[in-house]
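Thank you for making time for this. Please have the sequence and the model open while I talk, and stop me wherever you lose the place.

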Amino acid sequence: MLQNPEQVVHSLELQANRKYLIQDGILVCWRGFGKGEPLVLIHGGHGSWLHWVMNIETLAQHRTVWVPDLPGFGDSEAPKDPASMDLLLDALQGTLAQLLGADTPVDVVGFSFGGVVAAQLAARHRPTRKLALLGATGHGGRRREREPLVNWRRSRQEPVAMLADLRQNLEVLMLSRPADPLALEVHRHSCVMTRFRSKGVSQTQGVLSRALDRFGGPVDMLWGDLDATGIAAEVGPLLKDGHPERTWRTVHGAGHWVQYEAPQQVNAFLVNWLSTSTGAPEKETQ
């Protein structure tokens, strides 16, 4: 059974090595866990470092895990233009170089909109060795939300109504089953702290594939087979076509926030991915 959400978050915060770094006048908050070679986890849109709440402790047993709040999210400051990917990437790349050194090799995992960020960061930060993308967007493929999303900001002054709106969006877009208290608290906290407009990037056709082409290195892609933001059986082959260095697979019964809904499978996938120099064979993860 999951602990009280506040206890879970507080426990992780106590383990974190916080670093506040400034690039181009933008303060970016990084949290570090564990020890070993660096692994960077990049959260999704309307997200924060807490998108990795079910994964950090396991991965930190194998690597030093660095998790930023992207510029315009969580505890990081927003770019002057809250829809500028260039400004976001400049601040992210610059603070990563301050944190680890510009020539330090890293492996990068990106979730959702964070998959697009991870791919574009990898294309800029040449010491990036390989990418893992979970529920990646920016492919322009078909979406399959069961119901329309609601504007939770309309009820921001009424906490109970706002939480109901956030729950609806969480269950329509992010999860394949009813939201538990921890998922809802992570989603609430992350949404109210979001100031960057990521939707235009997430739903732009080709933005992910172009970034992956510029990167040119090994890429492993994973989706829940119930992901509302895309159909893995369509997107995976499209992104892999002509690229033997890329693999794709699915997790059965999981939605878009695959690393939260299926943490054991995703953590095992990522630990195995970290131990290999190239992508694993293409198959379905059960």
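I will go through two helices, then a pocket, and then a handful of single residues.

A word on the source: this is a predicted model, in which local features need pLDDT of at least 70 and side-chain atom pairs count only at pLDDT 80 or more, while totals for chains, interfaces and linings use all residues. Residues are numbered from 1 along each chain as its sequence is written, and side-chain values use heavy atoms, with hydrogens and water left out.

Let me begin with helix H3, residues 85-100, where helices (H or I, at least four residues) and strands (E, at least two) are DSSP runs numbered from the N terminus. H3 has 16 residues and spans 22 Å between its first and last C-alpha, close to the 22 Å expected at 1.5 Å a residue, the expected span being 1.5 Å times one less than the number of residues. Its buried residues are Met85, Leu88, Leu89, Ala91, Leu92, Gly94, Thr95, Leu96 and Leu99; buried means under 20% relative accessible area, exposed means over 50%, and partly exposed lies in between, with a 1.4 Å probe and protein chains only. Those buried residues pack against several elements, among them strand S1 (17-23), strand S2 (26-33), helix H4 (113-124) and helix H7 (199-202), where contact means heavy atoms within 4.5 Å. After H3 comes Gly101, with a positive phi near 100°.

Helix H4, one of the partners just named, has 12 residues and reaches 17 Å from its first C-alpha to its last, close to the 16 Å expected. Why do we call H4 largely enclosed by the rest of the structure? Because 11 of its 12 residues are buried, and these include Phe113, Val116, Val117, Gln120 and Leu121. The cover over the buried residues of H4 includes S3, H3, strand S5 (106-111), S6, H7 and helix H8 (207-215).

Just before we leave this region, please look at Ser112, in the loop between S5 and H4. Ser112 has a positive phi of about 60° although it is not a glycine, and it counts as buried because its relative accessible area is 9%. As background, most residues other than glycine have a negative phi. Asp24, in the loop between S1 and S2, also has a positive phi, near 55°, but Asp24 counts as exposed, because its relative accessible area is 58%.

Now to the pocket. The largest pocket holds about 670 Å³ of space, and 30 residues line it, of which the closest to its centre are His46, Leu149, Leu173, Ser198 and Lys199. To be careful about terms, the search uses a 1 Å grid over the protein atoms alone, and a pocket is an open set of points where a 1.4 Å probe fits, with protein on both sides within 12 Å along at least five of seven lines, while lining residues have an atom within 4 Å of a point. The volume is the space filled by probe spheres set on the points, which are joined across faces, edges and corners. Which helix gives the most to this lining? H5 does, with 4 residues, and helix H5 (159-174), helix H6 (181-192) and H7 each supply at least two. The lining divides into 10 nonpolar, 14 polar and 6 charged residues, with Ala, Val, Leu, Ile, Met, Phe, Trp, Tyr, Cys and Pro counted as nonpolar, Asp, Glu, Lys and Arg as charged, and the others, Gly among them, as polar.

I will finish with three single residues. Is Asn55, in the loop between S3 and helix H2 (56-59), buried or exposed? Asn55 is buried, because its relative accessible area is 0%. Leaving out residues up to four places away in sequence, Asn55 touches Gln259, Pro263 and Asn267, and its side chain reaches the backbone oxygen of Gln259 at 3.0 Å.

Arg126, in the loop between H4 and strand S6 (128-134), counts as exposed because its relative accessibility is 52%. With the same sequence neighbours left out, up to four places away, Arg126 touches Arg214 and Phe215, and its side chain reaches the backbone oxygen of Phe215 at 3.4 Å.

Lastly, Phe269 lies in helix H11 (residues 263-275) and counts as buried because its relative accessibility is 7%. Apart from neighbours within four places in sequence, Phe269 is in contact with Leu134, Asp220, Leu222 and Arg249; the C-alpha atoms of Phe269 and Asp220 are separated by 9.9 Å, although the two residues are 49 residues apart along the chain.

Terms used:
Polar contact = N/O pair within 3.5 Å; in protein donor to acceptor, adjacent residues only side chain to side chain.
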